[in-house]
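Subject: Structure handover

Hello,

Here is the structure I said I would pass on. Please open it next to this message and follow along.

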Amino acid sequence: MPPVFLNQLGLVCALGSGKQEVARALFADTVSGVAEHDGFADRPLHLGVVTAKLAAQDALPPSQHSRNNALLLTALEQVRPAVDAAIARFGPARVAVVLGTSTSGIGESEGAIAGHLATGQLPSRFHLNQQELGSPALALTQVLGLGGPAYVISTACSSSAKALASAARMLRAGTVDAVLTGGVDSLCRFTVAGFRSLDSVSEERCNPMSAHRHGINIGEAAALFLMTREPGPVRLSGWGESSDAHHISAPEPGGKGAMAAIQEALKRAGLAPEQVDYVNLHGTATVQNDAMESRAVHALLGPAVKASSTKPLTGHTLGAAGALEAAFAYLTLVDNPEGHLPGHFWDGAVDASLPALSLVKPGEVLGRPVKSVLSNSFAFGGSNAALVLERA
C-alpha cells in the first residue's frame with residue numbers, strides 16, 4: 001500500500017500558537033501551559049486555556065461561529081498556502097476533511113441558555129448549528145470551497161487519533177489525493193462539570209504516573225495536518241484501533257485493549273518494539289488510566305523506552321488530544337537533531353504498584369535525531385487508538 005505523509009502542521013494550544021513557539025515550550029526544562037483559571041467552574045481550576053490571538057471568522061456564516069471553529073481556523077492559517085496549493089493541484093473534489101472533536105459549539109449553547117434565563121429569549125447570534133459535531137468539517141469546507149468527503153469523528157478522547165487513521169485509509173484507497181485532518185476542542189463549563197461529577201478533575205496541575213495522582217486538567221487545542229501520498233517530513237506509518245467493551249468510563253484494568261491497539265500500530269508500521277524511540281503516553285493522571293497504560297507499555301515495549309505524558313503542559317484536550325499529541329510527535333521528529341524529548345513533569349513520587357517506565361526528565365535529549373514515536377489515545381467506552389509516526 002502507498003505510504004502517507006504529514007506534509008504540513010498547524011497548531012494552537014496552551015503552550016502557544018505555531019510550530020516554533022510550541023516546540024520551545026514543549027522541550028523546555030521548565031513547566032508552562034496549564035495555569036489556574038476561573039470562569040469554568042465554581043472555583044478556579046488548573047486548565048489548559050489557549051491565550052493566543054485566534055483567527056477571525058468573517059469567512060464563516062454566523063451559524064458556524066464558535067470558539068471551536070476559531071481555534072481550528074487559527075491552525076488553518078498556519079498551513080493555508082500549502083492547502084491552497086494542494087486544492088489547485090488536485091481539485092476541490094479530491095481534497096477531504098476528517099476531524100475529531102467532542103465539544104464543538106457547546107460553549108456557545110451555554111451562553112445562549114444563560115441569556116435565555118436572563119431575558120426569556122435566545123440571543124440573536126445563537127444558532128443550533130454551532131453545536132453540531134459536524135460543524136468543524138463544514139467550516140473548513142466552506143472556507144476553502146472544498147467538494148470532497150468531509151466528516152467529524154467523535155469517540156471522546158480517541159477522536160482525532162482515529163481521524164488521522166481514517167484519513168490515511170482514504171488516501172491509501174485512492175478516494176482522494178489530500179486530506180486536512182486533525183482535531184479541535186474548546187473549553188466549556190459543561191465538560192468541566194461532567195468530569196468533576198466523576199471525581200476526575202484535579203484542582204492542581206495534574207501529576208501523571210505519580211503515587212499522588214488524582215485527576216486530569218482539561219484543556220483546549222486545535223491541530224491540523226495536510227496529509228497526502230506525496231513525500232513529506234513525517235510518515236504516518238502505523239495505526240491501531242481497538243475497543244475494550246469493558247465499562248462506559250473505566251478502561252480494562254489489564255490494558256488488553258490498549259495493547260491490541262499498540263500491537264496493530266506497530267505491525268502496520270513494520271516496527272519491532274525496540275525500534276520505538278519515544279512514547280507519548282495518554283497519561284491522564286487518573287488512577288485507572290495510568291495503571292492500565294503503564295502495564296500495556298511495559299509489557300509491549302519494556303521498561304527502557306523513553307516515555308512521557310504532556311498533559312501537565314496542555315491539559316487533556318479531549319477530542320483534540322490525539323491530533324495534538326501527534327503534532328508533538330511531529331515536532332519531536334522534525335528539525336530536532338539533538339533529539340530533544342517532551343519532558344514528563346510530575347512530583348517524582350513513584351507508585352510501587354505500577355510497572356516502572358523510563359519517564360523523560362525535563363530537558364532530556366536522546367543524543368541523536370528521533371526516528372520513531374508511538375502516540376497513545378484511550379477514551380471512554382474503551383475506544384483505543386495508537387499512532388506510529390516516523391521521520392521520513
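Below is what was found, going from the whole chain to single residues.

Please keep in mind that this is a predicted model.

The record first. UniProt, in an unreviewed entry, lists residues 1-391 as "domain: Ketosynthase family 3 (KS3)". Over residues 1-391, helix makes up 32% of the chain and strand 21%. The C-alpha atoms at the two ends of that stretch are 18 Å apart.

Next, a pair of helices. Helix 1 covers residues 19-26 and helix 10 covers residues 321-333. Their axes come within 11 Å and cross at roughly 85°. An angle from 65 to 115 degrees counts as roughly perpendicular, and helix 1 and helix 10 are therefore roughly perpendicular to each other. On the helix 1 side, the contact is made by K19, V22, A23 and L26, and on the helix 10 side by F328, Y330 and L331. Sorted by class, this contact between helix 1 and helix 10 has six nonpolar residues, one charged residue and no polar ones.

Helix 10 also holds E325. Is E325 buried or exposed? Its relative accessibility is 1%, and buried means under 20%, so E325 counts as buried. Apart from neighbours within four places in sequence, E325 is in contact with N280, L281, T310, K311, S375 and N376.

Now the strands, starting with strand 4, which spans residues 45-48. What covers its two faces can be read residue by residue: L45 and L47 lie on one side, H46 and G48 lie on the other, and all are buried. Strand 4 pairs with strand 3 (residues 35-37) through three bridges, and the two run antiparallel. In this pairing, H37 stands opposite L45 of strand 4. Strand 4 also pairs with strand 8 (residues 218-219), here in the parallel sense and over two bridges. The bridge partner of L47 in strand 8 is I218.

Strand 7, residues 178-185, is the other strand to look at. How many of its residues are buried? Eight of the eight are, so strand 7 is largely enclosed by the rest of the structure. Both of its faces are covered. A178, L180, G182 and V184 are on one side, V179, T181, G183 and D185 are on the other, and all are buried.

Which strands pair with strand 7? Strand 5 (residues 95-100) pairs with it in the parallel sense over six bridges, and G100 stands opposite G183 of strand 7. Strand 9 (residues 221-228) pairs with strand 7 in the antiparallel sense over eight bridges. There, L224 of strand 9 is the bridge partner of G182.

One residue of strand 7 is worth following up: L180. Its relative accessible area is 0%, so L180 is buried. Not counting residues up to four places away in sequence, L180 touches L76, V83, A96, V97, V98, L99, L140, L144, L224 and F225. For a distance across the model, take L180 and L374: these residues are 194 places apart along the chain, and their C-alpha atoms are separated by 21 Å.

That is the end of the list.

Regards

Conventions
Residues numbered from 1 in each chain as written. Predicted model: local features only at pLDDT ≥ 70, side-chain atom pairs only at ≥ 80, totals over all residues. Heavy atoms only, no water. UniProt positions renumbered as here; feature names shortened; annotations may be inferred. Helix = DSSP H or I, 4+ residues; strand = E, 2+ residues; numbered from the N terminus. Axes fitted to C-alpha atoms, helices over the stretch in contact; angles between N-to-C directions. Parallel < 35°, antiparallel > 145°, perpendicular 65-115°, else oblique. Contact = heavy atoms within 4.5 Å. Nonpolar A, V, L, I, M, F, W, Y, C, P; charged D, E, K, R; others polar. Buried < 20%, exposed > 50% of the residue type's maximum accessible area, 1.4 Å probe, protein only. Pairing = 2+ DSSP bridges.
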